[in-house]
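I set out to record what the structure shows about confidence, domains and one residue at their contact. The entries follow in the order in which I looked things up.

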Amino acid sequence: MVPAQKQKASTEVWDLSKVGMAEFQEKQRLQHETSMHKELEKLLTTAKGAEQEISRKDFDGFKNLFHRFLQAEGPSVKWDKIHKPPEDLIHPYDKIKAQGLPDSVATSLNKLVVVKLNGGLGTSMGCKGPKSVISVRNENTFLDLTVHQIEHLNKTFNVDVPLVLMNSFNTDEDTKKILQKYTHHRVHIHTFNQSRYPRINKESLLPVAKDLGMHGDQADAWYPPGHGDIYASFYNSGLLDQLIDAGKEYIFVSNIDNLGATVDLFILNHLMTQPKDKRCEFIMEVTDKTRADVKGGTLIQYDDKLRLLEIAQVPKAHVDEFKSVTKFKIFNTNNLWISLAAIKRLHEQNAMDMEIIVNPKTLDGGLNVIQLETAVGAAIKAFDNALGVNVPRSRFLPVKTSSDLLLVMSNLYSLDAGSLTMSKKREFPSTPHVKLGSSFTKVHDFLTRFESIPDMLELDHLTVSGDVTFGKNVSLKGTVIIIANHGDRIDIPAGAVLENKIVSGNLRILDH
């Protein structure tokens, strides 16, 4: 059923000889905006109870984003205005660590809040429910490890660092049930919800949703609008003011699936000891780019401000240049330290101005829609005296795939108070390159293919493809490639040591 507003819009005709192109485009934009606002008001009439007030706040943010989307013309950056950040704005971690820690580190910790971005589902790894409840190490989930880390800090320094989870409508209910198991842990846990925005029909530029419900096919009509929404939803939840009133000054924000994103006392101290007249409101942790990270956002100097440049903003002619490891040497880990008072000020002034990410999707029925999103790091340009800190690679340990999961479950890492650290027995600090085939994509399938996780201390590269299983106590060293062709199956026997080997379909073992 085509909405009545759309039918009217499609029959309205303008004489371009009487209006200029710019005026025509402005009228068209205005019409799209008016139509969108009418549809949103219709949706609000279907709300139940307190849902209307929550949805109205969400829609206010969405309207702002939609307005900016309609106004956008061309790339958000001019390539010739991009400069490498000045050295004094990207601080090396080694120098920060060399300053040591003062006796007053507990005072700084009591001003800190840890925020984890917990809006994602585990669907890409074949799991139902929040990604944060996937077991990643010794039956501990991402959430377990996070709680252990913060509880350890609170006990060690006799402080109160709270944990805040930003959930989405996809993860909120399940997460709240799971949180009950931490009741007796020494960590105060708060949650708030990301906004819920309507997906937009690509053709009509109107919402797909017919009401505010999440039932049946309506579930596909909504989306959480990226982690850049943290500022508005944190403010709207009331939690931001609550934490400021409790004397908290900074949040440390990171993705819950980044196992390297622990509270770093040296960075916290560096943040707290900046000169009063140059109080830093935002630190972005960056790390050196490798060929695996060429699509990661990078920090640039633009109009005398530090700014995050994402690949989606790069003009096509310059994409290869953007991916270059020589020109753009660092990328954003999404570990961020941000002033609470600054978030409050900038939100109230409507001054964040994050670039819009237009994310096209095709729904199950074949309908093409767009999602308007923002990235949390894109707000860096709005904050005063922002800095980058170039951190070791160990602070970026995301688990996005089963290949990542194999690394963190292996003896490459040891677990201490919820934190993973590279084993001292590993001779070089880089992690092996692991590429597991589609038979390992789902966590359940992955676990059934390993009787035990292989010894990987001396591994450089592992590629596995096809129907392959591993017995107990297998050891992998150097470069190992195991390929079972279609219809074949390879069972690596218990106790096998594979060093610089290619194992092909009939289990021939060849020197590599």
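Entry 1, confidence. I looked up the pLDDT (the predictor's confidence in each residue, from 0 to 100): the average over the protein is 89, and 94% of the residues score at least 70. Over residues 1-11 the pLDDT is below 50, and this stretch has ten contacts (heavy atoms within 4.5 Å) beyond near neighbours in sequence.

Entry 2, conventions. I note that this is a predicted model, in which local features need pLDDT of at least 70, side-chain atom pairs count only at pLDDT 80 or more, and totals for chains, interfaces and linings use all residues. Residues are numbered from 1 along each chain as its sequence is written, and side-chain values use heavy atoms, with hydrogens and water left out.

Entry 3, domains. I found domain 1 (79-212 + 220-395) and domain 2 (402-504), with bounds from an automatic or database domain assignment. Their C-alpha centres lie 30 Å apart. Domain 1 brings 16 residues to the contact and domain 2 brings 15 residues.

Entry 4, between the domains. I counted zero salt bridges (a side-chain nitrogen of Lys or Arg within 4 Å of a carboxyl oxygen of Asp or Glu) between domain 1 and domain 2. On the side of domain 1 that touches domain 2, β3 (135-137) and α6 each supply at least two residues; α6 gives the most, with four residues.

Entry 5, Q149. I located Q149 in helix α6 (residues 142-157), helices being DSSP runs (H or I, at least four residues) and strands likewise (E, at least two), numbered from the N terminus. Q149 counts as buried because its relative accessibility is 11%, under the 20% limit (1.4 Å probe, protein chains only). Leaving out residues up to four places away in sequence, Q149 touches A261, T262, A417, G418 and S419.

Conventions: Buried < 20%, exposed > 50% of the residue type's maximum accessible area, 1.4 Å probe, protein only.
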